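Work through the following exercises with the sequence and the coordinates open. Each task is followed by a solution in steps.

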Amino acid sequence: MTARRLSGKPVADEIRAKTAHVVENLNRDGFTAKVAVLLATKNEATAWYVRSIERAAAQQGVECQVLQMPEASQEQLAAAITALNEDESVHGIILQTPLPEGVDPAVLVQLIDPAKDIDGANPLSLGRLSVGQPAFAPATARSVIEILEHYRVPLAGQHVAVVGRSAVVGKPLAQLLLQRDATVSICHSRTAQLADFTKAAAVTVMAVGRANLLTAEEVADSSVVIDVGTNVDEEGQLVGDVHAASVQPKVRALSPVPGGVGTVTTALLIWHAVQAAAKVCESIMWRGEPMSTRR
């Protein structure tokens, strides 16, 4: 058996298509969607990721403002977030990590207006998500759902093992899966006998950040595996949390690294920004305000 390759490209293409449709409607109403990214590091890998957001936004007709704030203080970043919250031309805010030493991200994310929190960073967004209220989910967690639904992987009544408990993937993903009637086991680095959970699961999602952690011995025959991990191996190659070579002959489907979840994440961030802009546009039109005064 050869595992089906759950490529992220067709999923991202679908998201970009519906984004383009909404952008066209916004433009017809004289409205431009805009996302702002706070970049407070000189880390080149992070800068590359932010540039990918800029490119994706430009391709979709969405304005992207990158605030370069290397070595900014907690107070400076807090002031920048507050200003973006108050800027009516900005519809989405991303606080990009890592942050400078001494800056507490837990404090800063609480300042992001939930209506503009397109990457689900504010605990209020996560709380709303957990009780089924409207909120933007973290884009990486949502990307896993988008892939599973695109490839019509059954979730209702199925056992899903989520390996990883971060606030950006594991925990919000568990909530999204529960909303789809899956039975979810949340595992992590301290889980005893991890294989007992992954071998019993119809779907396993790996999101712990440890290269090649999951091997063929830890997965069930004909299961589906989603690899969220991005790690650099000893040869400098980008690899996931799944040992793909050993797992592929055993499972029914596997998402690749690279080319899987990460491909969908950027497209989702732009889609979230456009959704936020559409809500503002709808509100303005309902109030009868002139669109010519708005971005």
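**Exercise 1. Strand register**

Which residue stands opposite Leu95 in E4? Note that the model is a predicted one.

Solution. Step 1: Take strand E2, residues 34-39, and E4, which run parallel and are joined by 5 bridges. Step 2: Read off the partner of Leu95 in E4, which is Leu38. Step 3: Check the register with a second pair; Leu39 stands opposite Gln96 in E4.

**Exercise 2. The sheet that holds E4**

State the strand order of the open sheet of 3 strands, and find its edges.

Solution. Step 1: The order is E3-E2-E4, and the pairing is parallel. Step 2: E4 and strand E3 (63-68) are the edge strands; each has a single partner strand, so one side of each has no neighbour in the sheet. Step 3: On average, and with direction ignored, neighbouring strands of this sheet are turned by 15 degrees against each other. Step 4: Add the helix: H2 (residues 44-59) lies across E2, E3 and E4 and runs at about 155 degrees to E3.

**Exercise 3. Burial of E4**

How many of the residues of strand E4 are buried? Use the cut-off of under 20% relative accessible area.

Solution. Step 1: E4 spans residues 92-96, and 5 of its 5 residues are buried. Step 2: Sort the side chains by direction: Gly92, Ile94 and Gln96 point one way, while Ile93 and Leu95 point the other way. Step 3: Both sets are buried.

**Exercise 4. The sheet of 6 strands**

Write down the order of the open sheet of 6 strands, then locate its edges and one helix that packs on the sheet.

Solution. Step 1: The order is E1-E11-E8-E7-E5-E6, with parallel pairing. Step 2: The edges are strand E1 (4-5) and strand E6 (183-187); each pairs with a single strand, so one side of each is left without a neighbour in the sheet. Step 3: For an inner pair, take strand E5 (residues 159-163) and strand E7 (residues 203-206), which pair in the parallel sense over 4 bridges. In that pair, Ala161 stands opposite Thr204 in E7. Step 4: H6 packs on the sheet and touches E7 and strand E8 (224-227), its direction making about 145 degrees with that of E8.

**Exercise 5. A helix pair**

Describe how H6 and H7 cross, and list the residues that meet.

Solution. Step 1: Two packed helices are described by the angle and the distance between their axes. Step 2: For helix H6 (residues 139-150) and helix H7 (residues 170-179), the axes come within 8 Å and cross at roughly 35 degrees. Step 3: The crossing of H6 and H7 is right-handed. Step 4: H6 contributes Ala141, Arg142, Val144, Ile145 and Leu148, which meet Pro172, Leu173, Leu176 and Leu177 in H7. Step 5: Sorted by class, this contact of H6 with H7 has 8 nonpolar, no polar and 1 charged residues.

**Exercise 6. Backbone exceptions**

Where are the cis peptide bonds before Pro98 and Pro258, and in which loops do Arg152 and Gln193 lie?

Solution. Step 1: The bond from Thr97 to Pro98 is cis, with omega near 5 degrees. Pro98 belongs to the loop between E4 and helix H4 (105-109). Step 2: Val257 and Pro258 are joined by a cis peptide bond with omega of about -5 degrees. Pro258 sits in the loop between strand E11 (253-254) and helix H10 (261-287). Step 3: Arg152 is not a glycine, yet has a positive phi of about 55 degrees. Arg152 is in the loop between H6 and E5, and is exposed at a relative accessible area of 75%. Step 4: Gln193 has a phi near 55 degrees, also a positive value in a residue other than glycine. Gln193 lies in the loop between E6 and helix H8 (194-198), and is exposed at 57% relative accessible area.

**Exercise 7. Annotated spans**

Which residues does UniProt list for the catalytic and the NAD(P)-binding domain, and what are their helix and strand contents?

Solution. Step 1: The unreviewed UniProt entry lists residues 6-119 as "domain: Tetrahydrofolate dehydrogenase/cyclohydrolase catalytic". That span is 47% helix and 15% strand, and its end C-alpha atoms lie 23 Å apart. Step 2: The annotation "domain: Tetrahydrofolate dehydrogenase/cyclohydrolase NAD(P)-binding", from the unreviewed UniProt entry, covers residues 138-279. Over residues 138-279 the chain is 35% helix and 17% strand, with end C-alpha atoms 19 Å apart.

Technical notes
Residues numbered from 1 in each chain as written. Predicted model: local features only at pLDDT ≥ 70, side-chain atom pairs only at ≥ 80, totals over all residues. Heavy atoms only, no water. UniProt positions renumbered as here; feature names shortened; annotations may be inferred. Helix = DSSP H or I, 4+ residues; strand = E, 2+ residues; numbered from the N terminus. Axes fitted to C-alpha atoms, helices over the stretch in contact; angles between N-to-C directions. Left-handed = near helix turned anticlockwise from the far one by under 90°. Contact = heavy atoms within 4.5 Å. Nonpolar A, V, L, I, M, F, W, Y, C, P; charged D, E, K, R; others polar. Buried < 20%, exposed > 50% of the residue type's maximum accessible area, 1.4 Å probe, protein only. Pairing = 2+ DSSP bridges.
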